[in-house]
2 protein chains.
Amino acid sequence: MGDEFARIEWLKTRFELDDAPEGLVLGIGDDAAVFDFGNRPTIVTVDTQIEGAHFRRDWISPRDLGRKALAAAVSDIWAMGGVSCASIVALSLPSGMSEQDFHELVEGIAGAARTTGATVIGGNLSAGEHLSVTTTAFGWPKRSAVTRAGARPGDLVYVTGTLGAAALGLAILQAGRADLEYADRFVERWRRPPMNGRAAISMAEVATAAVDVSDGCVQDLAHLCAASGVGARVHADALPLARGHLETAEALGLDPRTLALAGGEDYELLFTAAPSSEAEAFAAEIGRITEGSEVEVVDADGRPLTLDRAGFRHFK
Amino acid sequence: MGDEFARIEWLKTRFELDDAPEGLVLGIGDDAAVFDFGNRPTIVTVDTQIEGAHFRRDWISPRDLGRKALAAAVSDIWAMGGVSCASIVALSLPSGMSEQDFHELVEGIAGAARTTGATVIGGNLSAGEHLSVTTTAFGWPKRSAVTRAGARPGDLVYVTGTLGAAALGLAILQAGRADLEYADRFVERWRRPPMNGRAAISMAEVATAAVDVSDGCVQDLAHLCAASGVGARVHADALPLARGHLETAEALGLDPRTLALAGGEDYELLFTAAPSSEAEAFAAEIGRITEGSEVEVVDADGRPLTLDRAGFRHFK
């Protein structure tokens, strides 16, 4: 990567165009960044998007990839009830990647950084066989951090947005079914995860526990329940679905319910809260926390559904 | 990666064995870690080690790779005159990687985290075609952060340890010359970078500017000079070389001087300081900061040496 230093210079200039975040003492261009987190706890997380494992380069533009990589990391900050304030981005770039694609990738990162407040304060460039973006994101808890461990029996389970739409988009790409009526909408949903910063602030006011839906609704809820030492009952018919979900799943020969329960990469917020009207303003109720340790999914009549476990891994 | 969650559980338990660092509010196992950096600036950096680009798996054990990945990131904290306090590790693991290799990798990271104080507070696991380790490291400046930008004409240039030894080790691996007398020593030097935490603390007391030698001495000094708006004159004969450097370079048909001036991955500290005896206690003087903007390398008689520019890239 002979132009590594030129690229770093460009990055330095590029991110100086954006406003320096509050607290930045020293930004891009030295061995490390220096950030004054002030006298409060800082939320820190990391997420990686790797070509071949998370995406194919013909499935997503460099710009959307940059946006998605940053959003996926910041999603963890939001799931802790935090406000994102900074990020550090490590890029592995294949030698054949054009300058234009590199610039597009960075513009996608920079745009998402502006939208989320997670200003890029540093990073690293490496040559690699595969394109990958590893994002470390920082945030401040709005109140105290919302962990996975605070859910109590009787709490309701809420989720923002819709479930299974990103998995449906990925399935469309995998099947090459751009011809389907709602194809663009679902593919876009996979390429461009939602930005739940506002919902996170509202959530921090009411949530007893929270997680983001990245591995699939039931899987992530199970993690929350395990951390809280509780169980949950989810109403399959209450799962919020995007318009076109049923028809599109059917056209692809996929079970619409499994998609919603087990599809990954929704990057929606799943949280628990005492019954109240506040959560309903920005999230849908999908179930209730129970004593015990199992996550049970029931139909409209309250009968337990047997989940297709294979489906749980299919979209990962 | 069907055993991702089992691995995360293991990691959680594994790192709970180590003492929680001062300031840790919430560690491994949630969406993100929460760290109270207290009321002082925090140094943050990221570094990636990628199979194929930085190493081959038959060249380095998983344990040494883990150690090296952490040390390479912390090296940037030290180069800022900082004391490392925490780290976050994102691993990309090939599907065929054995549990034993995974555990060895993590033990290498954990051991280096203990040695450096950069306790692992969080991370991420992904499946990937190639093994990679991306480490975000955090530190507190011992005094104020030592940047690349403070060097002044008349300052002396110092370096800790020896130069070119890691590049020589890599060259031995590339040439398959384990038969050479000093092969083990140099290969070990490439596999196990030095831990310069103590030198960093001493350095912070005297340095006007600093950088770590990761791209090669002259290259990294040039970055420091560019940031400081100065030039430098380096005495080729003053470069500290490991025992066996000359013979081993000769046996490989490499120029010993180019190795020392341009070899990467030494992870030594290069810094500038006003002439004084303090720096000499832990570092070797190799030159002087000048007015102007060029890094000039001279021989024992003060005659400029023409550098083999190709050599600068050869070991990257």
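This passage describes how the two chains of a predicted model meet, how two helices pack in chain B, and how chain A divides into domains. Local features are reported at pLDDT of at least 70 and side-chain atom pairs at pLDDT 80 or more, while totals for chains, interfaces and linings use all residues. Residues are numbered from 1 along each chain as its sequence is written, and chains are lettered from A and ligands numbered from 1 in the order in which they are written.

Chain B can be superposed on chain A with an RMSD of 0.0 Å by a turn of 180° and a shift of 0.0 Å along the axis; the fit is by least squares on the C-alpha atoms of residues with pLDDT of at least 70 in both copies. This is the relation of a two-fold axis. The C-alpha of chain B nearest the axis belongs to B:Asn39, at 2.2 Å.

The contact between the chains takes 48 residues from chain A and 48 residues from chain B, where contact means that C-beta atoms, placed from the backbone, lie within 7 Å. On the side of chain B, the largest share, nine residues, comes from strand 3. Helices (H or I, at least four residues) and strands (E, at least two) are DSSP runs, numbered from the N terminus. By class, this side holds 21 nonpolar, 18 polar and nine charged residues; Ala, Val, Leu, Ile, Met, Phe, Trp, Tyr, Cys and Pro count as nonpolar, Asp, Glu, Lys and Arg as charged, and the others, Gly among them, as polar. Of the interface residues of chain B, 98% are also interface residues in chain A, so the copies meet through the same surface.

Strand 2 (residues 33-36) of chain A pairs with strand 3 of chain B in the antiparallel sense over four bridges, pairing being called when DSSP finds at least two bridges. In this region A:Phe35 stands opposite B:Thr42.

Within chain B, the axes of helix 2 and helix 3 (residues 99-116) come within 6 Å and cross at roughly 35°. Axes are lines fitted to C-alpha atoms, for helices over the stretch in contact, and angles run from 0 to 180 degrees between N-to-C directions. The contact of these helices has 11 nonpolar, four polar and six charged residues.

The domain assignment, automatic or from a database, gives domain 1 (4-141) and domain 2 (156-314) in chain A. Their C-alpha centres lie 27 Å apart. Domain 1 of chain A supplies 16 residues to the contact and domain 2 of chain A supplies 18 residues. Helix 2 of chain A gives the most to the side of domain 1, with nine residues.

How values were computed:
Two residues are in contact if their C-beta atoms, placed from the backbone, lie within 7 Å.
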